[in-house]
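Please follow the account below with the sequence and the coordinates at hand. The discussion moves from pockets to cores, and then to individual residues.

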Amino acid sequence: MNFQQLRIISETIRQNYNLTEVANALFTSQSGVSKHIKDLEDELNIDLFIRKGKRLTGLTAPGKELVKIVDRILLDTRNIKRLAEQFSQHDQGELTVATTHTQAQYALPDVVRQFKEIFPKVHLVLHESSPGEIVSMLLNDQADIGIATEALESTSELVSFPYYTWHHAIIVPAEHPLQSIHPLTLEAVAQFPIITYHKGFTGRSRIDQAFSRAELTPNIAMSALDADVIKTYVTLGMGIGIVASVAFTPERDTKLIKLDGSHLFEQNTTCISIRRNHYLRGYAYRFIELCIPSLSRDTICSEIQ
């Protein structure tokens with residue numbers, strides 16, 4: 001068994017058993033990929049993949065067990081490199097934070113500013129993705145830290161820490177009829193076309209659940225990935241908006257009014273997540289501490305190891 005065979009096993013899963021894509025990703029030939037897989041199966045005396053003709057279609061039972069071990073080996077190999085870099089270049093390197101647009105735009109600017117003042121030589125990558133993509137990036141070792149409201153906390157391979165809690169708010173153009181309703185009700189909100197987040201983004205499930213419990217069918221006229229797009233179309237008079245309360249800033253959103261929705265929708269919790277056994281550089285711990293000052297490096301280490 002050699003390191004190239006382990007990489008091929010891992011990449012074959014990532015590329016959904018497409019050996020042409022595996023070969024392209026590893027800069028080798030398809031025949032070379034097939035030979036490495038066959039050699040490993042012969043060495044172990046077991047079939048790792050289910051085959052249909054010459055095509056790979058899935059993993060056998062021993063293959064599924066082996067992949068878990070291969071992932072740990074490859075992760076630890078990358079961890080060794082990070083360990084060496086930590087001691088040779090403790091204040092240089094790259095930190096990849098996978099997060100949603102809402103977090104990048106509204107929750108993280110002050111943290112990023114402070115981080116760059118402390119670590120000017122570190123290349124900080126803010127990768128804006130959907131919650132599902134953030135999970136994949138963390139599990140595939142393509143990101144060091146993930147920040148989102150959905151998907152992270154329910155993934156067992158990740159360790160998640162509560163970052164902050166928030167509620168949705170209603171945004172309307174100035175002098176909208178909803179401004180005169182006190183207290184604001186879901187029944188009143190449901191009378192107007194609604195522009196809000198796509199399903200799976202920024203607490204959308206809480207919005208749907210609230211209307212469902214009230215036995216109301218809202219008119220979701222439009223959906224978008226981020227609050228800035230939602231606010232644009234609310235300003236154009238195409239409906240009222242339901243956005244994360246943190247996404248409204250009076251100084252910028254001068255044509256809109258924010259109405260409190262904390263009594264209408266359940267509280268949301270945004271989490272910071274790390275893959276278990278992922279070796280973090282010192283500056284990664286500092287980034288997390290800037291987000292959550294009460295969270296110590298020792299606590300993080302004890303949870304992820």
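By class, 13 charged residues, eight nonpolar residues and five polar residues make up the lining of the largest pocket in this predicted model. The lining comprises 26 residues in total, and those nearest the pocket centre are Asp71, Arg78, Leu139, Asn140 and Arg275. Two or more lining residues come from each of the elements α1 (3-14), α4 (61-88) and α7 (131-139). Of the contributing elements, α4 gives the most, with nine residues. The space in the largest pocket amounts to about 860 Å³.

The second largest pocket has a volume of about 340 Å³. Its lining consists of 18 residues, of which Arg82, Glu85, Glu94, Asp141 and Asp144 lie nearest the centre. In terms of class, eight of these lining residues are charged, six are nonpolar and four are polar. At least two lining residues are supplied by each of α4, β3 (93-99) and α11 (282-291). Helix α4 therefore recurs: it supplies residues to the lining of the second largest pocket and gives the most to that of the largest pocket. Asp141, one of the residues nearest the centre of the second largest pocket, is placed just after α7 and takes a positive phi of about 65°.

From the pockets, the description turns to the packed interior. In soluble globular proteins, nonpolar side chains tend to be buried together. Here the largest nonpolar core has 45 residues, and those with the most contacts inside it are Leu95, Phe115, Ile145, Tyr163, Phe287 and Ile300. The largest share of this core is that of α11, which provides seven residues. A second, separate core has 19 residues, including Ile8, Tyr17, Ala23 and Leu59.

The surroundings of Leu95 show the larger core in detail. With neighbours within four places in sequence left aside, Leu95 is in contact with Phe115, Val122, His123, Leu124, Val125, Asp144, Ile145, Tyr283, Ala284 and Phe287. Among these partners, Phe115, Ile145 and Phe287 are themselves listed with the most contacts inside the core.

Helix α7, already met in the lining of the largest pocket, also has a buried side. Its buried residues are Pro131, Ile134, Val135, Met137 and Leu138. These residues lie on the same side of α7 because they cover an arc of only 165° around the axis. The elements that cover them include β3, β4 (122-128), β5 (145-148), β6 (158-166) and β12 (268-275).

Where does threonine 100 lie? Thr100 is placed in the loop between β3 and α5 (101-107). This threonine is buried, because its relative accessible area of 7% falls under the 20% limit. Residues up to four places away in sequence not being counted, Thr100 touches Ser129, Pro131, Ile134, Ile147 and Ala148. Two of these partners, Pro131 and Ile134, belong to the buried residues of α7.

A further buried site is found in strand β12, where asparagine 268 is located. Asn268 counts as buried, with a relative accessibility of 2%. Its contacts, apart from neighbours within four places in sequence, are Thr149, Tyr164, Thr165, Trp166, His168, Gly203 and Arg206. Of these, Tyr164 is 104 residues away from Asn268 along the chain, yet the C-alpha atoms of the two residues are separated by 8.5 Å.

Key. Residues numbered from 1 in each chain as written. Predicted model: local features only at pLDDT ≥ 70, side-chain atom pairs only at ≥ 80, totals over all residues. Heavy atoms only, no water. 1 Å grid on protein atoms, 1.4 Å probe; cavity = no way out; pocket = protein on both sides within 12 Å on 5 of 7 lines; lining within 4 Å. Points joined across faces, edges and corners; volume = space filled by probe spheres on them. Helix = DSSP H or I, 4+ residues; strand = E, 2+ residues; numbered from the N terminus. Nonpolar A, V, L, I, M, F, W, Y, C, P; charged D, E, K, R; others polar. Core = buried A, V, L, I, M, F, W, Y, C linked by side-chain atoms within 4.5 Å. Buried < 20%, exposed > 50% of the residue type's maximum accessible area, 1.4 Å probe, protein only. Contact = heavy atoms within 4.5 Å. Arc of directions from axis to C-beta.
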